[in-house]
Amino acid sequence: MRYEELEGLVKDEITQREEEGCDVVEALKALKNIKRKSPSRLESILKSLSKLSVRNDFPYKEPLNLEEIKAERPKGPRKITLKLDEKQVFDKIYGGWLGRCAGCLLGKPVEGFLREQIEEWLKLADSYPLRNYFPPLSDIKNVPDWLKRRASWLDVLLGHITRMVRDDDIDYPIINLNLLETKGFKFTTADVGNNWLENLPYLKVYTAERVAYRNLVNDLVPPETAFYRNPYREWIGAQIRADMFGYVTPGMPELGAELAYRDAILSHVKNGIYGEMFVGAMISAAFVTSNIEEIINIGLSEIPEKSRLFEAMKNVVAWSKEKLDWRDTWQKINTEYGHYHGVHTIINAALVLLGLLYGKGDYEKSVSISVMGGWDTDCNGATTGSILGVMLGAKKLPKKWIDPLNNVVESFVVGYNNSRISDLAKRTFVLAQKALKRELE
């Protein structure tokens, strides 16, 4: 590892440890006092950081063990009677797949953009607020240089879309479909890792997932794969892997969250894990209720009540009741949580809720608001779209969002490129039937 990369790793780890509630003053002093390039000094700082404990005055309780997580969660329904026939269950699963693909595709051209940059693109094209896929800028003069390259990605722009192009947000539900089909509902975290090694290219996973992948290759085992040299362990990577576990557990949020937990601990800790559990449980709940706040509360009932993620989500719900315009609540989110990295679980989960709460059950409004908020736009559009897709079902999703996909999804998961989205939904439905019949081997 080059010195600059190692230095960046140390800085990121200091940030992560501070966010987890550790005192990093000595580590910061040690880093500042390095007068010349010394990899050994940086390694020493990394080692010292790994030994830190959470401060006694840290107001949050964020366990890693599943049983401890369950002990810290609020009361919840855990399992809800499903009043749907088989056709309705399939329609909702298919809706989840379609809604996720369309929401992801909507956010893909502006991934990593600031909210102000997104607004500038849309206003240049006379398309603000967002009400369809992002428009090309071929007829616009004086396009800013920072926008020219993104605006040239025609296969993700309005009028040029012919399929769901490859994206890791879609690779993960696909590879988790493969996981459940090959290993069943009793899969282990080691099974998750082996599935990645066998079916997912290393260079097509990012941040925490890439570190965990590298750790697997170097013979580390979970949960060490999530800790070792992984300062991204509370970022959004696990949260975007939750959907399959919600799709196959209709009305069973506790089971959906447990499956998500086993997946998450390969690469994440604490709020990184809770993000996947939260989304998995919300998707499970979306099969049984169309009340957005109820879906959110059921999701929250599966994560620790004294965690940073729980607190942030409750704040977003409260702010949405005080402020009529989503932009005002976005400003509150940015003020309170904007210190987190733009790919962190907490800040992006807040934008998912922003879309859900202000979209009020309308697919277009929900995914558009989540994407217009910025940060990890393709992830947030995908997660919001997935929840709304399940809640509404495929038949109720607007055609202008779904038809351009042509029922085709690209993927780098081995054996799944150019799959039909409807076929993936059918295979997911088979698994959901097994869960509903408690055939969980």
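Me: What makes residues of helix α9 (residues 189-199) count as buried, and which ones are they?

Reply: Thr189, Asp191, Val192, Gly193, Asn195, Trp196 and Asn199 are the buried residues of α9. The word means a relative accessible area under 20%, while exposed means over 50% and partly exposed lies in between (1.4 Å probe, protein chains only). A helix here is a DSSP run of H or I of at least four residues, a strand is a run of E of at least two, and both are numbered from the N terminus.

This is a predicted model, where local features need pLDDT of at least 70 and side-chain atom pairs count only at pLDDT 80 or more, while totals for chains, interfaces and linings use all residues. Residues are numbered from 1 along each chain as its sequence is written, and side-chain values use heavy atoms, with hydrogens and water left out.

Me: What covers the buried residues of α9?

Reply: The cover includes α8 (168-183), α10 and α13 (253-264).

Me: Happy to move on to α10. Why is glutamate 209 called buried or exposed?

Reply: Glutamate 209 has 2% relative accessibility, which is why it counts as buried. This residue sits in helix α10 (residues 207-217). Apart from neighbours within four places in sequence, glutamate 209 has contacts (heavy atoms within 4.5 Å) with Tyr172, Trp196, Gly237, Ala238, Arg241, Ser267 and His268. Trp196 also appears among the buried residues of α9.

Me: And alanine 30: how do you know which class it falls into?

Reply: The value for alanine 30 is 25% relative accessibility, and therefore this residue counts as partly exposed. You will find alanine 30 in helix α2 (residues 25-32). Beyond four places in sequence, alanine 30 is in contact with Arg41 and Ile45.

Me: What makes an empty space a cavity rather than a pocket?

Reply: Both come from a 1 Å grid over the protein atoms alone. In a cavity, a 1.4 Å probe fits at the points but cannot get out; a pocket is an open set with protein on both sides within 12 Å along at least five of seven lines. Lining residues have an atom within 4 Å of a point. Grid points are joined across faces, edges and corners, and the volume is the space filled by probe spheres set on the points.

Me: How many cavities of 30 Å³ or more does the search find, and what lines the largest cavity?

Reply: The whole structure holds one of 30 Å³ or more. The largest cavity comes to about 40 Å³, and its lining is Leu66, Ile69, Lys70, Arg73, Glu254, Ala257, Glu258, Met277 and Glu302. Helices α4 (66-72) and α13 each give at least two residues to that lining.

Me: What makes a lining residue nonpolar, polar or charged?

Reply: Ala, Val, Leu, Ile, Met, Phe, Trp, Tyr, Cys and Pro count as nonpolar; Asp, Glu, Lys and Arg count as charged; the others, Gly among them, are polar. By that rule, the lining of the largest cavity has four nonpolar, no polar and five charged residues.

Me: And what about the largest pocket: which residues lie nearest its centre?

Reply: Glu13, Leu49, Ser50, Phe227 and Arg233 do, out of 17 lining residues. The space in the largest pocket is about 350 Å³. Its lining divides into six nonpolar, two polar and nine charged residues. Helices α1 (3-19) and α3 (39-50) each supply at least two lining residues, and the largest share, five residues, comes from α3.

Me: How do you know whether the protein agrees with a compact globule?

Reply: The radius of gyration is taken over C-alpha atoms, and the globule rule is 2.2 Å times the number of residues to the power 0.38. For 441 residues that gives a value near 22 Å; the protein has 21 Å, so the two agree. Of those residues, 60% count as buried. The protein's secondary structure comes to 22 helices and two strands.

Me: Why are asparagine 406 and asparagine 407 put into their classes of accessibility?

Reply: Asparagine 406 has a relative accessible area of 47%, so it is partly exposed; asparagine 407 has 14%, so it is buried. Asparagine 406 lies in the loop between α21 (399-402) and β1 (408-409), as does asparagine 407. Most residues other than glycine have a negative phi, and most peptide bonds are trans. Asparagine 406 has a positive phi of about 55°, and asparagine 407 one of about 60°.

Me: Which peptide bond has omega near 0°?

Reply: The bond from tyrosine 128 to proline 129 does, and it is cis. The bond from proline 222 to proline 223 is also cis, with omega near 5°.
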